[in-house]
Every structure is written in structure tokens, then in C-alpha cells.
Amino acid sequence: MTRSAEPTSKTPKSGKPSLIPRVLSQTAGKVFLALMVLSFCTGLIIFSYYYYKYATLIEDRLANGPYINTSKLYGAPQVISLGDDSSPDEIAFALRRAGYGESRSNRMGWYQLRPDAIEVFPGVDSFFQQEAHAVRFKGGDVEQITSLRDNTARTQFWVEPELITNLFDRNREKRRILRFQDIPQLVINAVLSAEDKRFFQHSGFDPFRILKSAYVDIKTQSHTQGASTLSMQLARSLLLTTERTWRRKIPEILITLHLERKLSKEEIFEHYANQIYLGRVGSFSIHGYGEGAQVFFGKDLRQLKIPETALLAGIVQSPSRYNPLLYPDRARTRRNIILLMMRDNGYITQKEYEDGVNAELGVAGNSSESEDAPYFVDLVNSQLRNQFRDHDFQANSYRVYTSLDINLQKAASEAMRAGLKEVDDLLTRRGRTTAKGWPQVQAALVALDAHTGELKALIGGRHYGTSQLNRALAKRQPGSAFKPFVFAAALNTALEGGPKPLTPITTVMDEPTTFWFDEKPYEPSNFKNEFRGLVTMRQALSKSMNIPTIKFAEMVGYDTVVELARNAGLNMDIQPTPAVALGAYEVKPIEIAGAYTIFSNRGIFVEPTWIKLIRDQQGNMIYTSKPAQREVLDPRIAYMMVNMLEEVMRSGTAAGTRARGFALPAAGKTGTSHDGWFAGFTSELICIVWVGYDDNRDINLEGAKSALPIWTEFMKRAHQFRPYRRAKPFEAPDGIVSVDIDPGTGKLAGGGCAAGSRAEVFLAGTQPLEHCGGATQVASWDMPAQESSQQVDDSGRPRRAKRTTTIPTPAAGQPTPKAPEPREKKGFFSRIIDVFRK
């Protein structure tokens, strides 16, 4: 019997399978589950950590306000007075620019137009918070101003000052803060069409856009597709970088979740509308639709039309690519795409779409540079930092009210462009081009109120984006623009009562002369080395003769000239040497502007100012301007200087202003050094223009060919605006004598002299007494001037409107009476008694 083969494996005696594999399987499942739980907990902890981290940062940002540049700069308010030439439409335009509208819900204020009137109702956000007014017009003038509170008459009311800009922050970001209720529905519709049409339906994320973006990125192997909602874009702009990668998406999602949980949809849209980046203009980074509307269209956001809102919304996708100021064709294409989206979404009709596509872009060109007045804003910022160190204007909502006239600022910018084009053409014809290594010529313009010294317009260079150097504050040699201070010091000698006072007809020789000072020779020359022989003071100033000017300075003393100049606000670097008479010492254009107030303001120097008042967040006034004033010249001397400076513009080096069409009464002086200058004024405005190179190389153009064209363009534009339209002739003060002079002899003109005479002004008692016939006029208090003796200039305009006494000149051989002393003004009964005494 054979043994059967043994089995190859053993089985348990019980016949049941082993438990070890099952135990191992169960253990593995538990470990896996534990790992899953651990991973989930770890992920939850990490998520919670980063969510808390970003939520805390966003909470702090929102609690402190998301924008640090909330202080606002305002221009000067307009005053509407009885008799002003204006119209309802003109005032309505000014109100719209200040933020008013026709809706009663407008927080700034609202107005109502009538055929011959306008009613103005300030809102809760109005600075003045004044009573409502009705202004009625007749024949183009303001006929009546009535308070609507008590129906009583008023003589004037103030128009809300216009916002210049929000103070930019340290990153030079600019924005105009909007509330959601201030954003027009048309703008909201355009933004939703362009960026996130389901914004008010989703919870912060748009799954359809995310899937589409991921599909396109994978297909094209790029990371360029955008799936961000408005909430996600706001999250990115509040804290994160703008790089377009998936790595950025995780923190962006966390912040978006928190924003959606913390804020309402309206609040998210409001923050987005104020924060969104719209590109760079000049040196500024433009943020928010409010600032974008002003920069690109020169309008308030509420005034935008359909095509303009589409363009503004379309810029967001790529601000540098679609900048309408730089790439109008690209911007137009993008605008039309947004218009199509708006039509497809039902926000506009087919007709509105077609009209929008065919509309011009309507961009405002360089409006931002002119109306935002960047050099002026820098000047204000500098004073705020230096004078108010305890106040943080970049982190608090202060309201800074300035003297800037936005209309004049725009006029200055336009005049600068027109004038510099003319200068560039002249330099090009002389071969001075950038292609040949020449830098671009620069310029500055300063405009002051002729009586208050308030800064009304400021241009510090031809383009702020290229260079932020404010040339209005840079020291340069003024050349002949300084000479009026020499002649003013000379005329002052008439007040000293000496035997030979200097007058406008005092003569000196214009000839090559060596002046010795401090044992050193000084040998200046005239322009083009031309000399005229015996000349009067008036001729020397009118034709800007160097040799006679130094001789007059030498007569009165160089130290006297310097003392007068320093009293007029010029800097202490000016020294008493012969060269001072020719403007060899450097001054700032804004200093020259302030110094010329002694001529326009009857001898009173007024220090230039540009901040009028400041209010804090609660409306409390923390600063009010009190400009420094002092008398530098006797009013009679100031008038004589004005009269001679008028001659400069009639027949002298500044006669080109008249040839260019500027016909208002004005006085001024050209200046030529390495640079070109023109300093001139009317009864309303002082304007100083400087033109030159930053490296101080010689421009080789007289002031009459470089600075004068800019000055003339500005003053022609400026005096078209209502506050400056009524520039009037300069009025002589009491004690000024106007006589007819024979130019050949300097004696009183009359029948015995050569043909031809001209009127000249003198301090009473200093006029010539030798005569050939004629009349002497002395200003007095109580006797009206005889019209037959009224003096006129070359254009037939009365020289002055003062009351004068006419004293006939006696015949030859008889003594000439002296000018009468001013008499005490008599009353009516005193004059009756005098009649009976005769």
C-alpha cells in the first residue's frame, strides 16, 4: 500500500480563513481615515490662520478708511454781485463744476434754471452751508439777488468753490472719493457690462468665468485670462500685487470671502469705484472713476454721456494700452466693444449704441495738467508740511481752500502751450533743436490778484510729467524786469524836497561809460551796442537802456535801490553794486510777482499767498490767511511808475503786446538776461512770465520775443472771465500834476515851442515852471476837472479820472504861479460866506 502525497499547504484545523489580512486591512483604513482627518484639520487650521490673517489686515484697512489721500484742495469761490455781467447758464455751469446738479437729492446742492433767473440751494455737503438764493438777470447783468429764506435783498452771494484735487498720497495716487448713491446708474451699467455682469447675483465668485478662464489658460499654456469678479479685483487692489498668476488667487479668494461676508454689494462696488486703477497721467497714478472722469473728460462723473462711460469702464482691462490720451484709436475700439456689451445686456438701445459708436472720444486733452494745477498743488503741499507739522493732511479729511482760479489756470496752460510753440519755432529756425543736443526750453508763469496778492494761476514748467521742478520758485537773473525798482528809487527823491528832484524828464547821457565801484571798473553796454545820447528817465525805461539806468541808480545810491527791492519782497542776495541796476542778482519769478504789487497796489506790498483757509473734518476752522502788507512807495510815486510802465507798452520794448491784440489798460516791463522775462499788470491781475533753459545757458532771445507772447496770450484769455473783465485805467492819486511838455526842451509846451507836445506826470511842485504856453493840472479834493483840459494817451483814452484844477499859464514875461497847496475841503455854508467876502 502506497502513502499518499502530503498537501503543499496547511489549513487550520478548524477549517476557517486567517484573520491577519482582515486586521491589516482594517488598520490601513483607520490610518487612512486618520490621515484624512489630520489633513483636513491641518488644512482647516491653515485656512483659518490665513483667513484670520488677511481678514485682520482688511478689517484694519477698512476701519482706518481704505484711502489715505482724503484731504481735498479747493479753488477760490466765485462771488456774484449786483451789476455783474453774467447769465443763468454761466452760473449753472460754475455750479455743475462745483458738484451741484438739478436733483434735489444732490448732497452738495442743487439749482433750478428759469428764463431770466437761477435759484441756488446749497446741500448738506456745501462748505458755506448758506441760505438759498434767487439771482435775476436783465440785459446780461445781475439785476437782483434775493434770499429765499426771508425774501430779502442781498448784494452778493458766494458760489461753491470747485474741487481742484484730493491731496495725493506718498505714492502720488490721485482719486476723487464717491459714495455709491453718487454713482450714476449709467456708469454702474457700463462697469457691470465690462467687468462683471453677474456681480449683484453671485457671492463673490463667478464659476462660469473661472471655468472659461482655466480652459483658455490650459489651452494656450498661459496665465493671461481674467476671471476676477469686482469683489476679487477689489481684494487684489486693497492689498495684493497685480501680477496675474494662479499663486495670487488663494489669498485673493480669502480676502474676497471676507469682503463678501463683511460688506454689502453696494459697499463693495463703492470701494471698487474709488480704488480701481486707470493708468498714469504725467507723474500721477489715477485711481477711481471720479478722478478718471475729471482727468480724461474734464467732467464730473455725473455729467458723462453713454460713450464716455463706456470708454471709462473699458480702460480698466489694460490702462496703459487703452489710455485715450496716448492711444485714441485703441481706446475707441475698446469703447465700442463695451457699448456692444451694454446693448446686449439691455442697458442701452440700438439707437444709443449706434450714436455712441459714431461719437468722438471727447477726451479733454491736457485738462488734468492745467486744471489740477500740479505745480500749484505741490506748492500747497509744501506749505502744509512746513507750517502744519501737527496735522496729517494725507490721513485725514481736511478741506483746504486755496486762491487758485481754475479758469485762469486753464488759460495759463493754454497760453503756455501757444506761446512756447512760437518760441520753439524761433529756436528751431536758429538750429537749436533736441536733435542737435539742445535741451527743451522751459517756462514759468505766475498770476496774482493785483491788490490782494493771492496766487490765481501757476505754471512751473512746460510739462509736469516730464519734470516736477517748479521754475516759479527757481532763482534766475531778472535782467531789465528789475529796472522799475531803480527808477522808483530815483523818483522817491522828489519826496525829500531837494533842489533837484529826479522826475520822468530828468536827462542823462546814453553813451559808453565805465562805472567804478569798490575800485573795480564795470563796463556794461546797451542792447546791440546802440546809444542814443541825451535821454529822459521815461525814455530810458521805455527803451530799456542800460547805461542811463545805472546812472540813475548811481545818483540815488545802489544801497537805496537794494533797500527798496528788499522792502518789496525780493531776497537778501541782492547786493548794492552797479550790476544790481541791470538785474544781475538772482530772484524767483514768484518774488518778482509779489514785488510788482507795489506798483499795482498804490505803493503797498502784499506778500503772495495761496492758502486762504483750512477746515478740519468737523468743519472747524484751523487756519485763516492774513497776508503781510507794508507801504513801500508813496502812492504818488507808485502812480508815476505805473504811468512810465504804460509807456513801455505803448512805444517801448513791450509794444508787441498791443500789436498782438491786447488793448486793455496795462503796464509792464520786458527783461533779458540768459533768459527772457516779462512782468506786467492791469488793474486786476499781475502776471510774470519766465522763459529759459534749466542749465542756465543763454536762450539768446529777448524777453519781447520769448516771454511776452506767453504773457499776452494769457492776459487776453484771463480778462475774458467775469471777475477780470472790467480792467480799468490806472487812477492818479491826489497831488499828481499832469502837464504838456515840449519833448525837445523839457519845458511847458505852448505856442512858442516847436510843434508837438506830450503829457507828463509829476509830483505836485516838481513840474517845470518855464513855459511856452499850455496848462498845468493839479489834483485836488473839491474842484472837478474841466473836460477840455483832460489828458489822453495815444489811443484817445483819458489818462486818469481824478478831479483836477486847471491853472492857466500866464503870457510870456509874466511870472508863473506855483502849484497850489491842497486846501481843506469846505462845506456848502463856508462857500456861501466866501462869496459875500469877495
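In this predicted model, a good place to start is a pair of helices: the axes of α15 (residues 483-491) and α21 come within 10 Å and cross at roughly 135 degrees. Angles over 145 degrees would count as roughly antiparallel and those from 65 to 115 as roughly perpendicular, so α15 and α21 are oblique to each other. The crossing of α15 past α21 is right-handed. On the α15 side, the contact is made by P484, F487, A488 and L491, which meet I637, M640, M641, M644 and L645 of α21. Sorted by class, the residues in this contact are nine nonpolar ones, with no polar and no charged residues.

Helix α21 also leads to a sheet. Spanning residues 635-651, α21 lies across strands β24 and β25 and runs at about 65 degrees to β24. Both strands belong to an open sheet of five strands, whose order is β15-β14-β26-β25-β24 and whose pairing is antiparallel. The edges of this sheet are formed by β15 (455-459) and β24 (667-672), each of which pairs on one side only. On average, and with direction ignored, neighbouring strands here are turned by 5 degrees against each other. As a reminder for the newcomer, strands of a sheet pair through backbone hydrogen bonds, in either a parallel or an antiparallel manner.

The pairing at the β24 edge can be followed in some detail. Six bridges link β24 with β25 (residues 676-681), and the two strands pair in the antiparallel sense. Within this pairing, G668 is found opposite G680 of β25. The picture in this part of the model is thus of one helix with two sets of contacts: α21 meets residues of α15 and lies across β24 and β25.

A further open sheet can be described in similar terms. Its five strands follow the order β3-β4-β5-β6-β7, and their pairing is antiparallel. The edge positions are taken by β3 (109-114) and β7 (153-154); each has a single partner strand, so one side of each is left without a neighbour in the sheet. For β3, six bridges make the connection to β4 (residues 117-122), and these two strands run antiparallel. Here Y111 stands opposite V120 in β4.

This sheet, too, has a helix lying across some of its strands. Helix α2 (residues 88-97) lies across β3, β4 and β5 (133-138), and its direction is at about 165 degrees to that of β3.

How values were computed
Residues are numbered from 1 along each chain as its sequence is written. This is a predicted model: local features need pLDDT of at least 70, side-chain atom pairs count only at pLDDT 80 or more; totals for chains, interfaces and linings use all residues. Side-chain values use heavy atoms; hydrogens and water are left out. Two strands pair if DSSP finds at least two bridges between them. Helices (H or I, at least four residues) and strands (E, at least two) are DSSP runs, numbered from the N terminus. Axes are lines fitted to C-alpha atoms, for helices over the stretch in contact, and angles run from 0 to 180 degrees between N-to-C directions. Contact means heavy atoms within 4.5 Å. Angles under 35 degrees count as roughly parallel, over 145 as roughly antiparallel, 65 to 115 as roughly perpendicular and the rest as oblique. A crossing is left-handed if the near helix is turned anticlockwise from the far one by less than a right angle, and right-handed if clockwise. Ala, Val, Leu, Ile, Met, Phe, Trp, Tyr, Cys and Pro count as nonpolar, Asp, Glu, Lys and Arg as charged, and the others, Gly among them, as polar.
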